[in-house]
Amino acid sequence: MNKIILVFALAVLTATIVKSQSQYEAGMQKAFTLWQEGKDTEALAMFERIGQVEKDNWVPIYHATNVLISSQFNEKDMVKKNEMLDKAKEMIAEAHLRSEHNSEITTLEGLLYTGYVAMDPGTFGMKYSPMIMQLHAKAVELDPNNPRAWANKIEYEMGSARFFGSDLTPFCAQMKEIIPKFENQKLEVPFAPSYGIERAKQVAESCNE
Amino acid sequence: MYGQVVISGLVTDQKKEAIIGASLYIDGTYDGGITDDVGRFSFTTSSEGEVLLIISYLGYERKEIKLQIEEGIELHIKMRESALSIDAVEISASTFKAGDNSKVAVLKPLDIVTTAGSMGDVIAAMQTLPGTQSNADDGRLFIRGGEARETKIYIDGLKVFSPYTRTIGGSPSRGRYSPFLFKGVSFSTGGYSAAYGQALSGILDMNTIDDPKDTETNISLMSVGLGVGHTQTWDNQSLSVSASYIDLAPYTWMVPSRADWIDPYSGFSGEAVYRYKTKKGLIKSYLAGDIGRFELSRESLDSGEMEHIGIRNSNIYSNTSYTSFLNNHTSLFAGVSIGYNHDDVGLGEEVNIQSELEGLNSRFSLKTVVNDHFIMNYGVDFTHQKDWSDSEYQGYHEVNSLPRRMYGSFVESDYFFTKNLAIKTGLRMEYSTLSGSAVLNPRITVAQKTSKNGQLSAAIGSFTQEVSPNFLFHDFQLLPEKSSHLLLNYNYKTDKQIIRLETYYKKYDNLISFQSEGSTMQDISNDGSGRAYGVDVFWRANQVINNVDFWVSYSWINHERKYRDYPQFATPEYSTDHNLSIVSKTWFSKLKSQMGITYRMASGRPYENPNTDGFLNERAKIFNNISLSWAYLISQQKILFVSVSNATCFKNEFGYEFGRVPGDTGIYPSRVIRPNDDQFFFVGFFVTLSKDKMKNQLDNL
């Protein structure tokens with residue numbers, strides 16, 4: 001009798017896990033689809049909803065933050081833009097709590113502060129430029145195989161070099177070198193970030209134009 | 001297997017206008033949606049019973065609604081704009097801020113160091129803002145008719161006891177502290193927070209940098225000396241140390257000075273900052289020390305002989321603070337600063353004055369964000385100060401010592417009726433052990449947004465400050481001096497422009513008055529009074545002209561007081577009626593250079609001519625100064641900086657000084673007051689050495 005109960009309980013438990021797994025997958029798929037369709041607000045809301053259920057998982061909140069940071073670059077209203085960045089900052093802090101010493105989150109944090117500097121260089125340049133470089137260095141150190149960490153670092157340094165009118169070809173060459181890292185990446189958790197190869201190729205080719 | 005229930009409705013703001021893109025979801029589930037173009041939403045849920053519906057939208061207060069799940073739920077949800085949002089009314093709009101809080105910043109952090117003519121001095125950069133009165137031969141901050149001592153300077157909310165370098169008439173003093181240490185400043189020319197006491201006219205609070213930079217070494221080679229700095233960072237702590245040596249001897253040798261220097265200024269200074277990040281807070285510790293000396297000779301107006309004047313100064317300042325979040329709503333600040341200053345002044349063979357100041361200031365305060373509309377700030381502070389002097393002249397010897405303590409407490413609340421209307425009410429209490437007197441200072445500010453970019457605010461408040469130690473030495477029971485401020489401010493800010501207009505009325509009471517008998521003072525009392533009113537205008541435009549960033553400040557003041565030994569109401573010598581500053585900065589990307597031009601003008605200073613009738617009714621010539629600076633980025637690690645003050649070499653005069661006794665003809669001998677140097681040239685070469693080659697000292701310019 002006890003055995004039957006145990007088997008039954010296990011079956012229910014397994015069913016629940018499978019159900020929530022599939023619900024998670026369906027949810028994440030849907031959010032990615034929304035984002036691809038250009039429905040940023042919907043995609044952000046979806047990732048956020050998943051994030052508040054899956055409290056120990058850093059992946060949904062990572063993508064939510066990524067959507068927010070990407071869309072603020074196109075925002076023209078400065079007040080709105082600032083609010084979006086401030087919210088992304090809070091979300092990054094939350095993501096760090098869910099997964100410490102995470103190279104992907106650290107890379108995204110570098111992009112967040114780049115957003116602040118791009119918005120208002122006079123106000124944020126002095127404060128955040130050293131921090132951005134530190135974050136890039138840290139992201140690469142945490143996971144030398146993370147292609148996004150490398151790509152963001154190289155692109156940022158390339159921006160500074162362009163400002164000083166220096167030769168850009170070494171940066172294109174560096175970008176070319178890291179493209180195999182994109183091709184060889186293995187996802188350790190489902191839906192972990194894997195994007196960025198197209199952009200990297202584009203940058204690598206930019207010196208030949 | 002589960003019932004699917006549809007939840008739908010409308011989300012609006014308080015004016016019933018639709019909110020588009022608000023996110024709604026049931027707490028702990030994937031079920032939710034966002035509002036469409038008309039503010040409507042609809043989603044299904046399989047939840048049952050009582051649930052929590054969460055609604056959020058950027059710039060609005062997050063809302064949580066308890067909901068009993070049943071068929072056909074139709075909701076109308078009203079959201080309230082958050083008073084904490086970036087475009088909410090700014091309650092301390094009459095304060096000038098430089099920093100990364102772009103909601104209120106008028107200056108950017110870089111402005112402090114890139115303003116031509118400021119020579120990297122925070123104080124000099126502040127003097128390009130309205131409300132300040134130019135005294136180019138003095139260098140200290142004079143605000144709205146107040147003496148320099150009426151403006152108090154703070155670092156991280158803690159008092160600085162002797163903020164200015166020691167100089168002598170004709171050579172302006174500077175702020176002692178390196179501008180590179182600060183991430184921002186808050187500068188108020190009236191109506192400031194109840195958190196600050198002991199200042200009749202103004203407050204300058206400078207905040208040190210929280211975030212450690214990378215490990216790096218900086219070297220500076222300058223026409224006036226050299227400096228080195230090093231920063232070391234670890235996981236959650238960092239240490240920066242810097243030292244510099246300044247010697248004006250080679251400069252004075254190359255560029256002739258009006259003053260007759262025997263030993264031009266030379267000084268050594270060192271600074272260290274240590275930061276430690278705890279889980280929820282930050283500990284910052286700052287230590288600065290400097291020693292300096294100079295000696296010159298000048299002709300005595302009375303005897304006609306050359307007199308030697310020499311000053312040696314040593315100064316130490318240290319400040320440690322701890323900030324931390326106690327919980328989601330309350331943050332704590334605790335800090336202590338200590339200062340020590342020693343001056344040794346020699347005048348000829350016979351006069352020697354030694355003076356010393358030691359001070360300690362501690363503060364403990366809490367800030368509670370009760371909700372999105374109500375913020376409380378409250379705390380206590382304690383100050384111990386001892387002034388000591390030992391004067392010897394012509395066989396006469398006098399020693400004075402004045403230890404005293406001051407206890408202060410304050411409470412202040414910001415209440416937002418709506419996002420557009422707010423009131424700040426504050427109360428400060430102070431008790432002085434010396435006079436045994438307690439004072440109560442109430443302060444109120446009301447602010448109303450008038451349009452998307454404009455706002456109007458009004459403030460009224462009272463302020464007290466103990467009288468200068470020179471008088472307390474004679475009578476320690478003198479009451480604190482008092483001022484009341486009433487001001488009306490209009491602020492207009494867009495991405496590219498800031499316009500500020502402010503008008504004020506200021507009243508002084510309990511000012512020191514005395515009778516002069518030769519060089520001694522009689523009948524010292526609190527009978528003096530004064531008043532000032534005026535208009536301040538500020539306009540800043542960035543990118544309105546391509547690559548040019550500029551600001552214009554203009555102040556007009558009418559100020560009179562009857563204090564000290566004045567026989568009647570008069571405008572004091574340091575108070576000029578009109579002050580104008582125009583600051584511009586242009587970036588030339590092809591030349592990799594930033595060029596700066598600063599123009600400053602002030603109407604003539606009043607001076608008293610004992611050879612004519614009337615009192616303080618003569619006016620000096622108008623003051624003019626055009627300063628230029630050029631920062632050239634040679635490479636990412638090397639910067640060349642060149643600047644010149646008073647480039648067009650205006651012959652400025654600050655009035656006349658007169659001898660103590662009339663000459664044989666019954667006329668007092670006089671001498672025009674001029675700056676010791678009409679112009680000042682500076683060339684500096686800055687190099688950064690760091691692991692990361694991308695870094696440079698651009699930040700430092």
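# A guided tour of chains A and B

Begin by selecting chain B of this predicted model, for which the domain assignment gives domain 1, covering residues 5–78, and domain 2, made up of 95–300, 328–387 and 396–700. If you mark the centre of each of these two domains of chain B over the C-alpha atoms, you will find that 52 Å separate them.

**Stop 1: the three-stranded sheet of chain B**

Select β1, β4 and β7 of chain B, which form an open sheet in the order β4-β1-β7 with mixed pairing. Because β4 (40–45) and β7 (73–78) of chain B stand at the edges and have a single partner strand each, one side of each is left without a neighbour in the sheet. Ignoring direction, neighbouring strands of this sheet are turned against each other by 25° on average.

Now keep β1(B), residues 5–12, together with β7(B), and follow the two strands as they run parallel, joined by six bridges. Which residue of β7(B) stands opposite Val11(B)? Label Ile77(B), and you have the residue that faces Val11(B) across this pair.

**Stop 2: the four-stranded sheet of chain B**

Next, select β2, β3, β5 and β6 of chain B, an open sheet whose order is β3-β2-β5-β6 and whose pairing is antiparallel. The edges here are taken by β3 and by β6 (63–68) of chain B, each of which pairs on one side only, and the twist from one strand to the next averages 20°. As a reminder of what holds such an arrangement together, strands of a sheet pair through backbone hydrogen bonds, either parallel or antiparallel.

Zoom in on β2(B) and β3(B), which pair in the antiparallel sense over three bridges, and label Ser23(B) with Ile34(B) of β3(B), since these two residues stand opposite each other.

**Stop 3: where chain B meets chain A**

Leave β2(B) and β3(B) on display and add helix α2 of chain A, residues 40–53, which lies across both strands and runs at about 155° to β3(B). Widening the selection to the whole meeting of the two chains, you will find 32 residues of chain B in contact with 29 residues of chain A. On the chain B side, the elements that give two or more residues are β2 (23–26) and β3 (32–34). If you colour the chain B side by class, it shows 10 nonpolar, 10 polar and 12 charged residues.

**Stop 4: the two domains of chain A**

Hide chain B and colour chain A by its domain assignment, which gives domain 1 (1–100) and domain 2 (103–209). Here 18 residues of domain 1 of chain A are in contact with 13 residues of domain 2 of chain A. On the domain 1 side, the elements that give two or more residues are α3 (58–72) and α4 (78–98) of chain A, and α4(A) gives the most, with eight residues. The residues on this side of domain 1 of chain A divide into 10 nonpolar, six polar and two charged.

**Stop 5: two helix pairs in chain A**

Select α3(A) and α4(A), whose axes lie 9 Å apart and which pack at an angle of about 160°, and this makes α3(A) roughly antiparallel to α4(A). The crossing in which α3(A) passes α4(A) is left-handed. Residues of α3(A) that take part in the contact include Trp58(A), Ile61(A) and Leu68(A), while those of α4(A) include Met84(A), Leu85(A) and Ile92(A). By class, this contact of α3(A) with α4(A) has 12 nonpolar, two polar and four charged residues.

Move on to α7(A), residues 147–163, and α8(A), residues 169–183, which pack at about 170° with their axes 9 Å apart. At that angle, α7(A) is roughly antiparallel to α8(A). Among the residues that make the contact are Trp150(A) and Ile154(A) of α7(A), with Phe171(A) and Ile178(A) of α8(A). The class count for the contact of α7(A) with α8(A) is 10 nonpolar, one polar and two charged residues.

**Stop 6: a last look at chain B**

Bring chain B back and select β32 (593–602) and β35 (623–633), which run antiparallel and are joined by 10 bridges. Which residue of β35(B) is the bridge partner of Tyr599(B)? The label to add is Ile626(B). Finally, add β36(B), residues 638–645, which pairs with β35(B) in the antiparallel sense over six bridges, and mark Ala631(B), which stands opposite Phe641(B) in β36(B).

Technical notes: Residues are numbered from 1 along each chain as its sequence is written. Chains are lettered from A and ligands numbered from 1 in the order in which they are written. This is a predicted model: local features need pLDDT of at least 70, side-chain atom pairs count only at pLDDT 80 or more; totals for chains, interfaces and linings use all residues. Two strands pair if DSSP finds at least two bridges between them. Axes are lines fitted to C-alpha atoms, for helices over the stretch in contact, and angles run from 0 to 180 degrees between N-to-C directions. Domain bounds come from an automatic or database domain assignment. Two residues are in contact if their C-beta atoms, placed from the backbone, lie within 7 Å. Ala, Val, Leu, Ile, Met, Phe, Trp, Tyr, Cys and Pro count as nonpolar, Asp, Glu, Lys and Arg as charged, and the others, Gly among them, as polar. Angles under 35 degrees count as roughly parallel, over 145 as roughly antiparallel, 65 to 115 as roughly perpendicular and the rest as oblique. A crossing is left-handed if the near helix is turned anticlockwise from the far one by less than a right angle, and right-handed if clockwise.
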